[in-house]
Amino acid sequence: MSCPFKSLHAVTPSGATPPPKCGGAINKLVIFMQGHADAAFLLDREGKILYRNKAAQLMFLSDVNQMNICSLFSFTQSHAAIPGSSDCWDDIAKSLSTSEPQYHDVVVMENDGELGFRINLVKLPADLLGEGNNDVFACAYVTPAHDHEHNNGKKNAVHTIAEDGTEEDEQLHRHMKDVVSASLDPMVGINENGTIIIANDPAVHLFEYSQAELVGKDIASICQTAREVQNILSFMNASSINQQQITTAMTKSGREVSIELGLSLNQSFAGYKEPIYFAHMKDLSVLEDHKSKIEHKETLCQAMINASFDPMFGIDQRGKILVVNEAACQSFGYTREEFLGNNISTICNERDAAIHDEHLKRYIRTGEKRVIGRKRPLVARRKDGAEFHVELGVSEVQLSNGEKMFCGYVRDRTQERLDKQMLRRKDALIQSEFFQMEEKDARGWRKTVN
């Protein structure tokens, strides 16, 4: 089944996500196109538009999906015999290459005259498309004509430096090595073919290769995402992707490591013979290990809290519930999700709920303890509105950020009060049945006394 690009329409102002069944590289290309300031189109083999980004939507407000790209622009080159006609696509498609972008000067007719643009067309290679994406053939990237002229000036200057040999490759390589070595995170330099030409010590350590082994390897063998992003940058004629990529890389031993990847075309080495891409990588495995340990401690802590038979609450200094145990949920009738984030006054009776926050603010302000460290009888309220007697104990925790947290243990006294009432009744019964005495009053009448 082919990738369903034909079901895509113009991106809405809120943006859209690429189809979930498409290949990973195509997804990244579409995501990049969505956020790009210039108009970009994906085309099929007949030159029909399969997808356009938001910038292209603004350029053509009407629905142009499934229209031929040649029908939108008037091509000024000689091969476009009929400007604005779709007949020119066959000639263009035959000459498209996956290695070298093809440029075409075009115009768009407006009410007040012509607008000049330049289309950068490139055929998308099979390794970028992946299996099942046969509908997609080429990418068209449209820039204003004046931007192209400006960029051409810079590009010619670059070629002049390289051709004149004003800077030796060896000197540039040393400069590049100094830059890469200065990075504390793993960093490699990649040529346009995806071959690693330089790597720093953190990269050598992370991927478990020697310096000699790492240099000369295909970046795809270590991190496929890095090669995909490099292809996207090359095809879109861009210098970097703004969003960092969370992906995986493979070490020499076959161990998979999680990394944060940033890739950019570096402009600092203009005299170098070919484009150099720098891959910046942050090893996330240490962070993930640390996160795993924190999660383990939190799970252990929650298990210990849940082991308590009495309800337990942890609140911040504004009264918001941060921690709650299972006993509290069972006793008060709320779920854990309903408790977390809500104010502790939820379980207070109507009178105490109205003044609870003021008491908390007073303590934060004055430090005067009235409840903390003492047991206090209160009336609490369940979710169904039923009130019951409890005993509350509160302790204070000072956090590292300077704020306070309070832990409260609530003991349900309902059964205790019922037991006391039963004991009083039994005591009264015993007194009336077994401890009565008779005596005579002054007139000789007998009376019963306890």
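Two strands are taken to pair if DSSP finds at least two bridges between them, and the legends below, which describe a predicted model, use the word in that sense.

**View 1. The open sheet of five strands and the helix packed on it.** With antiparallel pairing throughout, the strands of this open sheet follow the order E13-E12-E16-E15-E14. Strand E13 (321-324) and strand E14 (375-381) stand at the edges, and because each has a single partner strand, one side of each is left without a neighbour in the sheet. On average, and with direction ignored, neighbouring strands of the sheet are turned by 35 degrees against each other. Helix H14 (residues 350-366) packs on the sheet, where it touches strand E12 (312-316) as well as E14, E15 and E16, and the direction of H14 makes about 145 degrees with that of E16. Within the sheet, strand E15 (residues 387-398) is joined to strand E16 (residues 404-412) by nine bridges in the antiparallel sense, and Val-394 stands opposite Gly-408 in E16.

**View 2. The second largest pocket and its lining.** This pocket has a volume of about 730 Å³, and 30 residues line it, with His-356, Val-371, Arg-376, Leu-392 and Val-394 lying nearest its centre. At least two lining residues come from each of E12, H14, E14, E15 and E16, while H14 gives the most to the lining, with eight residues. Sorted by class, the lining of the second largest pocket holds 20 nonpolar, three polar and seven charged residues. Val-394, named above among the residues nearest the centre, is also the residue that stands opposite Gly-408 in E16.

**View 3. Arg-362 in helix H14.** Arg-362 is found in helix H14, the helix that packs on the sheet of the first view. The relative accessible area of Arg-362 is 15%, so this residue counts as buried, the cut-off being under 20%. When residues up to four places away in sequence are not counted, Arg-362 touches Gly-367, Glu-368 and Arg-370.

**View 4. Strand E1 between its partners E6 and E2.** Strand E1 (residues 39-43) is mostly covered, five of its five residues being buried. In a regular strand the side chains alternate between the two faces of the sheet. In E1, Ala-39, Phe-41 and Leu-43 point one way and Ala-40 and Leu-42 the other way, and all are buried. E1 pairs in the antiparallel sense with strand E6 (residues 138-144) over five bridges, with Tyr-141 in E6 as the bridge partner of Ala-40. E1 also pairs in the antiparallel sense with strand E2 (residues 49-52), here over three bridges, and Phe-41 stands opposite Arg-52 in E2. The hairpin of E1 and E2 has five residues between the strands, and in this hairpin Gly-47 takes a positive phi near 85 degrees.

**View 5. The surroundings of Val-142 in strand E6.** Val-142 is found in strand E6 and, at 2% relative accessibility, counts as buried. Although Val-142 and Phe-41 are 101 residues apart along the chain, their C-alpha atoms are separated by 8.4 Å. With residues up to four places away in sequence left out, Val-142 touches Asp-38, Ala-39, Phe-41, Met-59, Phe-73, Phe-117, Arg-118 and Ile-119.

**View 6. Strand E7 between its partners E11 and E8.** Met-187 and Gly-189 point one way from strand E7 (residues 187-190), whereas Val-188 and Ile-190 point the other way, and all are buried. E7 pairs with strand E11 (residues 277-283) in the antiparallel sense over four bridges, and in E11 the bridge partner of Val-188 is Ala-279. The pairing of E7 with strand E8 (residues 196-199) is likewise antiparallel and runs over three bridges, with Gly-189 standing opposite Ile-198 in E8. Five residues lie between the strands in the hairpin of E7 and E8, where Gly-194 takes a positive phi near 85 degrees.

**View 7. Glu-208 in the loop between helices H7 and H8.** Glu-208 is found in the loop that runs between helix H7 (201-207) and helix H8 (211-214). Most residues other than glycine have a negative phi. The phi of Glu-208, by contrast, is near 70 degrees, a positive value in a residue other than glycine. Glu-208 is partly exposed, with a relative accessible area of 31%.

Key:
Residues numbered from 1 in each chain as written. Predicted model: local features only at pLDDT ≥ 70, side-chain atom pairs only at ≥ 80, totals over all residues. Heavy atoms only, no water. Buried < 20%, exposed > 50% of the residue type's maximum accessible area, 1.4 Å probe, protein only. Axes fitted to C-alpha atoms, helices over the stretch in contact; angles between N-to-C directions. Contact = heavy atoms within 4.5 Å. 1 Å grid on protein atoms, 1.4 Å probe; cavity = no way out; pocket = protein on both sides within 12 Å on 5 of 7 lines; lining within 4 Å. Points joined across faces, edges and corners; volume = space filled by probe spheres on them. Nonpolar A, V, L, I, M, F, W, Y, C, P; charged D, E, K, R; others polar.
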